[in-house]
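Subject: A structure for you to explore

Hi there,

Here is the structure I promised to pass on to you. Have a look at it first, and then read my notes underneath.

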Amino acid sequence: MPRPLAITDDQELLDDLLRIAAAAGVELDVAHAAAHARPYWTRAPLVVVGGDLADELAATSPPARPNVVVVTRTADDPDMWRRCVAVGAHTVLELPVAERLLVEEFGDAAEPATRAGTVLCVAAGKGGAGASVLAASLALTASRAGLRTLLVDADPLGGGIDVLLGQEEALGARWPDVAGREGRVSFAALQEALPTFGELTVLSAHRGEPVRIPREAMRVVLDAARRGCDLVVVDLPRHAGEAEAEALARAAATIVVVPADLRGALAAAQTVSLLRPGTGDLRLVMRGGTLDPDVVAASLSVPCAGVLPEVRGLVETLDRGDPPPLRRSPLGRFCADLLDALPGGFSTGRPSTGTAGP
């Protein structure tokens with residue numbers, strides 16, 4: 001596979017480029033003179049031109065091509081944009097300020113996005129509302145319909161969402177193995193490391209000492225998933241920290257599960273006030289109770305996306321190690337309809353008859 005090309009004779013700049021490329025998980029071809037770049041120019045997925053050789057490269061009149069950037073370690077050089085135009089680059093990146101942007105450039109060149117994953121967050125308006133069950137059910141429904149899906153357990157005190165799938169013994173990494181991750185990771189590498197069942201990949205908390213999820217680790221996971229998945233479902237705790245705020249900021253929609261009773265409505269009002277500033281599209285899913293769901297939704301000033309059907313014997317089913325019953329069930333139809341109504345919509349109303357997944 002062709003590699004990105006770096007064109008520079010500045011050893012300090014080259015050292016920076018090699019280090020940044022390594023953070024993106026890619027290797028570089030290097031040309032120490034403009035003339036040496038010609039064999040690589042058209043086939044490299046990305047060309048990084050050092051400011052030191054930009055004029056020399058422009059003098060060779062290289063053919064126009066996309067994905068060319070000029071990189072410099074000299075801040076605020078007014079002549080650098082002229083060189084950018086001369087070599088046909090689309091931007092100038094100043095190091096070290098633009099290191100993260102360059103990591104993304106390298107990563108996108110090495111692993112072009114194959115999907116445009118939609119992030120969906122699910123939170124409980126009140127403890128025990130069933131948000132984790134809904135999150136797991138939505139992820140299962142999507143994956144069984146052939147959508148590549150990542151289920152992210154963001155609650156380190158929830159006991160592990162893998163238990164809801166009956167997969168607590170499945171081999172693969174959990175959050176403690178991923179929490180220290182920085183930089184960039186490909187979704188293929190993430191999928192290989194995590195428990196995967198058909199089109200469903202699961203990143204779960206574990207049942208040992210709780211591990212706080214760093215914001216950077218959540219960002220790395222969600223960036224990888226959005227490049228490689230159709231849908232990312234994040235099961236949030238009720239009290240959102242920095243990592244959860246990262247997920248909320250990336251969510252196309254956030255669903256709050258609310259029991260339709262007085263305590264449920266009061267607790268959900270507090271939860272909604274915490275979540276509303278961090279996410280754009282907030283919706284309620286109601287659990288049956290003593291109050292009218294529409295009245296609860298109106299009191300919270302949040303639209304109701306539906307009433308979650310009660311599943312007889314659900315606790316016993318989960319305690320046996322079986323996943324939530326979805327096939328030909330009201331819960332499965334509810335999840336399919338809810339996913340279809342998301343921004344962009346998913347064609348999950350007719351789940352596939354295959355047996356992949358838990």
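**Salt bridges**

The structure holds 24 salt bridges, where a salt bridge is a side-chain nitrogen of Lys or Arg within 4 Å of a carboxyl oxygen of Asp or Glu. Side chains of opposite charge can pair when their charged atoms come close.

Before going on, please note that this is a predicted model, in which local features need pLDDT of at least 70, side-chain atom pairs count only at pLDDT 80 or more, and totals for chains, interfaces and linings use all residues. Residues are numbered from 1 along each chain as its sequence is written, and side-chain values use heavy atoms, with hydrogens and water left out.

Let's start with one pair. Asp16 and Arg73 join their side chains in a salt bridge, at 3.0 Å from N to O. This pair connects distant parts of the chain, 57 residues apart: Asp16 belongs to helix 1 (residues 11-23), while Arg73 sits in the loop between strand 4 (68-72) and helix 4 (80-87). Helices (H or I, at least four residues) and strands (E, at least two) are DSSP runs, numbered from the N terminus. Are the two partners buried or exposed? Asp16 is buried at 16% relative accessibility, whereas Arg73 is partly exposed at 41%. Here buried means under 20% relative accessible area, exposed over 50%, and partly exposed in between (1.4 Å probe, protein chains only).

Another salt bridge joins Arg83 to Asp77, with 3.8 Å between the closest N and O atoms. Arg83 is buried, with a relative accessible area of 18%.

Then there is the salt bridge between the side chains of Arg100 and Glu216 (3.0 Å, N to O). It links distant parts of the chain: Arg100 is in helix 5 and Glu216 in helix 9 (residues 215-228), 116 residues apart. Both belong to a network of salt bridges that links Arg100, Glu104, Arg215, Glu216, Arg219, Asp223, Glu246 and Arg250.

**The whole protein**

The protein has 14 helices and 13 strands. Its C-alpha atoms fill a box of roughly 75 × 40 × 40 Å along the principal axes. How many of the 358 residues are buried? Buried residues make up 51% of them.

To get a feeling for distances, find Asp108 in helix 5 (residues 99-110). The C-alpha atoms of Asp108 and Pro323 are 36 Å apart, and 215 residues separate the two along the chain.

**The sheet of 5 strands**

One open sheet has 5 strands in the order 2-1-3-4-5, with parallel pairing. Strand 2 (29-31) and strand 5 (91-94) are at its edges with a single partner strand each, so one side of each has no neighbour in the sheet. Two strands pair if DSSP finds at least two bridges between them. Strand 1 (residues 5-7) and strand 3 (residues 47-50), for example, are parallel and share 3 bridges, and Leu5 stands opposite Val47 in strand 3.

**The sheet of 8 strands**

A second open sheet has 8 strands, ordered 8-9-7-10-6-11-12-13, with mixed pairing. At its edges are strand 8 and strand 13 (304-308), each with a single partner strand, so one side of each is left without a neighbour in the sheet.

Strand 9 (residues 200-203) has Leu200 and Val202 pointing one way and Thr201 and Leu203 the other, all of them buried. Strand 9 runs parallel to strand 7 (residues 149-153), with 4 bridges between them; there, Leu150 stands opposite Thr201 and Leu151 opposite Val202. With strand 8 (residues 196-197), strand 9 is antiparallel and shares 2 bridges. The hairpin of these two strands has 2 residues between the strands, and Gly198 takes a positive phi near 60 degrees.

Now look at strand 11 (residues 253-259). Why is strand 11 largely enclosed by the rest of the structure? Because 7 of its 7 residues are buried. Ala253, Ile255, Val257 and Pro259 cover one side, and Thr254, Val256 and Val258 the other. Strand 11 runs parallel to strand 6 (residues 118-124) over 5 bridges, and to strand 12 (residues 282-287) over 6 bridges. Ala123 has Val256 as its bridge partner in strand 11, and Val257 stands opposite Val285 in strand 12.

Enjoy exploring, and write back with any questions!
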